[in-house]
Amino acid sequence: MRPADIGPPADEASVKRPWLTTRTVRTGLASALAALLVGSLAPAAHAASEPKHAAAPAAAATSWPGNKHNATGGKDYYIDATLGHDTAAGTSPKNAWRSLAKANATTFHPGDRILLKAGEQWQNEQLWPKGSGSAGKPITISAYGDKRAGRPYIATNGHVPSPFNADGTKNPQTVGLTGAIVLRNQQYWDIDNVELSNDDDFATDITKGTYVRDGIMVSINADLFPDGADTVMDHFRISDIYVHNLDGPSSWQKIHYGAVDFQVFGSKSYKAYPAGGYHFKDVRIENNTFENVELHAVQFAFNWFAADSADSGQYDEAGKWHEGWEQLWVRTRDLYSRDVYIGHNYAKSIGQGAFQLADSQRMTVEYNEVNGFLERYNAVSCGLYLWAGADSTMQYNEVYGGPDNEYDGTPWDLEYTNFNVTYQYNYSHDNAAGWMAYMGNSSNSVARYNLSVNDNGVLVKNMLSTNYAPTYFTNNTFVYDGADLNTVHDETFLSRVYFLNNIFYNTSETTPTPWYRRTGALRQAVFSNNDYYEASGVHSAQEPADPDGLRADPKFVGDPAHYVTGAGVDKIRKAAAPFALRKDSPLIDAGRYNAHLGTEDFLGTHLYYGDAPDIGIAESKSGRKVAHPVDTDPIEDETDNRVNLALGKPVTASSTHPGANGSLGAEKLTDGNLSTRWAAADDATYPITLDVDFGADTTFDQVYLDEYTDAGTNPRVQSFELQRWDAATGSWVTFATRDAGVGHDLTVTGFGTVTSSKLRVALTSQIATEQYTPSLTEISVYRAGA
């Protein structure tokens with residue numbers, strides 16, 4: 001790399017950008033190929049050849065926005081890197097400024113426009129104009145000049161301040177100042193029709209150091225607001241920009257960066273700042289192209305507020321502990337950014353996760369295309385996902401070219417602390433790590449009517465914590481090679497997950513679908529009305545029980561071996577159309593209705609027609625239209641029809657952990673909720689006893705036990721005894737013993753029939769390799785033989 005203290009060549013303004021000529025040729029060729037492909041719906045070969053796509057958007061079709069009248073009533077300021085003069089007034093093309101420094105020293109007012117001359121370059125400069133617009137009068141950064149010229153180009157070449165102090169901590173004064181274009185604690189801004197880069201030598205990969213470089217960096221710095229200031233930054237529009245060549249170290253620096261980056265910074269704990277502010281509102285990021293950037297194409301509102309400090313975590317209402325980085329505090333303190341739209345963007349060759357979004361409410365992310373991610377950065381991330389979000393939808397996005405590694409690596413992710421987040425109508429293909437990462441600590445997560453082709457790896461990857469409410473995977477179509485697929489699920493579902501009306505289509509003629517790698521992995525998964533197709537005709541012994549499921553050829557209208565690529569997200573329904581069902585498909589009317597299906601399928605067809613919804617991503621218009629579907633047979637009521645004789649009964653524990661705000665009491669063991677738990681105190685001595693009082697003599701022949709586990713908590717019980725209360729002798733009598741542990745979903749039987757007014761579960765020893773005392777989620781008691 002060129003050292004920062006060495007200046008540009010003498011005639012930097014006239015330096016050619018060699019990629020522009022190549023880009024123009026590729027654009028024309030790719031457009032022609034795409035037009036032929038989409039027009040004929042000719043499918044691409046199964047081989048993972050790279051879809052043709054323009055590497056950058058074309059120039060303005062008619063004229064640059066700056067050539068038109070300023071409709072807001074503000075002033076226009078012109079900047080010309082070749083003919084301008086910083087001593088000029090700057091208020092006309094003939095009296096333009098020359099440098100970005102002149103704009104940086106100016107405070108602009110509502111309605112003003114900063115207009116950069118098309119075809120010009122600003123090397124080693126950064127644009128940070130001051131001031132804010134107002135409602136209806138944003139300040140604009142845009143282009144003017146010859147419509148045939150290229151976008152005005154700011155090549156900052158890494159000449160940005162470091163966001164770190166000498167000791168490696170974040171510098172509150174310089175975080176957020178790392179973009180080619182910077183806005184800090186400013187609002188009402190529109191940015192369009194510019195080209196940006198921020199690396200002097202992208203061909204040399206940065207693998208170490210503390211470089212942080214952005215294309216556009218928009219930040220809220222909570223430490224720099226005066227008392228009483230507005231801390232909600234409103235209205236941003238970023239469109240028709242081209243950002244390329246951003247590089248950074250291949251290690252985590254605890255600051256995100258990318259082509260377009262919205263972040264909230266504060267040097268203290270989040271607890272030191274008032275609730276209800278410090279977020280962005282009304283943001284649109286659309287019609288942009290990002291290429292060869294990292295960490296991200298778009299990164300949104302990942303706050304740091306000392307989130308890795310010892311006191312940054314918190315307990316939720318169920319008594320579960322959340323680390324600070326899980327961002328639960330964004331919800332409890334109402335710090336969500338809100339009303340965000342991210343659409344119609346193209347991202348190619350992204351270093352880490354392409355669209356990494358967080359801490360947002362009412363976010364819509366649609367029609368974005370990701371062509372390669374995690375290409376230069378070995379860390380946990382995914383193609384396009386929302387973390388710690390709420391009431392948001394990801395739809396009509398296409399992601400391909402993902403990595404094959406031990407990290408998440410999937411195109412999508414149902415992340416930590418999401419509430420009411422839906423993935424629907426998305427198309428992913430050729431992602432070697434799998435389809436969907438799945439973390440937990442979420443509520444009402446839904447993934448429906450998505451198409452996955454050749455996402456070999458793990459289809460639903462991870463589950464590291466229990467959820468607040470069930471998750472629904474409905475009407476997805478998975479086409480994969482069982483010989484290349486790792487598993488459908490790799491960990492253990494810790495909370496209820498419903499798989500309804502999905503197609504599992506295994507193209508392998510030699511290897512049945514591998515469903516899991518851990519015993520009990522599907523313990524909380526309920527499968528109903530899915531289709532399980534094996535090209536070999538041989539089904540795996542791991543295949544889940546599904547009494548209403550099918551094992552039939554779906555009879556797609558197209559050949560799954562020749563799936564469409566290269567059509568672009570604007571034609572995403574045409575890419576999905578070959579996976580509709582033929583009229584003679586056995587999957588028509590073979591699904592079941594559930595409100596989590598939504599109101600239409602991938603192709604926009606109303607749900608549903610006929611006697612029941614179809615299985616898979618497309619509903620056929622076969623039979624009468626059911627205008628207002630009603631779920632008359634809820635799947636949620638079918639999970640266990642046995643009567644739990646211990647439900648709601650009082651429990652006495654010999655030891656209870658005093659932490660988690662008192663939420664780890666023994667009453668959680670009989671509340672019927674596997675997401676709550678009891679825990680023994682750290683100094684508990686064995687045996688640890690748990691006594692269930694039925695209140696009267698009760699006859700039973702089964703006892704169900706379940707231990708609590710999460711990403712950092714293993715099963716801990718080595719041995720236990722089951723005892724009944726003998727009222728005649730006033731003593732406990734052992735009727736069953738076990739020394740092989742409890743783990744998950746252990747039902748103890750074989751002891752015949754027991755009648756007693758009390759049940760004792762006596763935990764008698766701990767697994768030798770475990771340091772901490774046990775934690776259980778449930779004790780249930782049944783009489784199966786009644």
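Student: In this predicted model, which residue of strand 37 does Phe 478 stand opposite?

Tutor: Strand 34 and strand 37, the latter covering residues 503-506, pair in the parallel sense over four bridges. Within that pairing, the residue of strand 37 that stands opposite Phe 478 is Phe 504.

Student: Which residue stands opposite Phe 478 from strand 31?

Tutor: Strand 31, residues 451-453, also pairs with strand 34 in the parallel sense, here over three bridges. The residue that stands opposite Phe 478 in this pairing is Ser 452.

Student: Are the side chains on the two faces of strand 34 buried or exposed?

Tutor: In a regular strand the side chains alternate between the two faces of the sheet. For strand 34, residues 477-480, Thr 477 and Val 479 lie on one side, with Phe 478 and Tyr 480 on the other. Both faces are covered, and these four residues are all buried.

Student: Is Asn 530, in the loop between strand 38 and strand 39, buried or exposed?

Tutor: The loop that holds Asn 530 runs between strand 38 (525-528) and strand 39 (531-534). Leaving out residues up to four places away in sequence, Asn 530 touches a set of residues including Phe 499, Phe 504, Asp 546, Gly 549 and Ile 615. Because its relative accessibility is 0%, and buried means under 20%, Asn 530 counts as buried.

Student: Which residue has its backbone oxygen 2.9 Å from a polar atom of the Asn 530 side chain?

Tutor: The residues that Asn 530 touches include Phe 499, Leu 500, Asn 501 and Asn 502. The backbone oxygen that lies 2.9 Å from a polar atom of the Asn 530 side chain belongs to Phe 499.

Student: Which strands stand at the edges of the open sheet with the order 41-48-43-46?

Tutor: Four strands form this open sheet, and their pairing is antiparallel. Two strands, 678-679 and 746-748, each have a single partner strand, so one side of each is left without a neighbour in the sheet, and these edge strands are strand 41 and strand 46.

Student: Which residue of strand 48 stands opposite Ala 679?

Tutor: Strand 41 is joined by two bridges to strand 48, residues 775-782, and the two run antiparallel. Opposite Ala 679 in strand 48 stands Ser 775.

Student: Which residues touch the most other members of the largest nonpolar core?

Tutor: Leaving aside neighbours within four places in sequence, Phe 300 is in contact with residues including Phe 262, Phe 280, Val 283, Ile 285 and Met 363. Apart from the largest core lies another, of 34 residues, among them Val 479 and Tyr 593. Of the 107 residues in the largest core, those that touch the most other members are Phe 262, Phe 280 and Phe 300.

Terms used:
Residues numbered from 1 in each chain as written. Predicted model: local features only at pLDDT ≥ 70, side-chain atom pairs only at ≥ 80, totals over all residues. Heavy atoms only, no water. Buried < 20%, exposed > 50% of the residue type's maximum accessible area, 1.4 Å probe, protein only. Pairing = 2+ DSSP bridges. Polar contact = N/O pair within 3.5 Å; in protein donor to acceptor, adjacent residues only side chain to side chain. Contact = heavy atoms within 4.5 Å. Core = buried A, V, L, I, M, F, W, Y, C linked by side-chain atoms within 4.5 Å.
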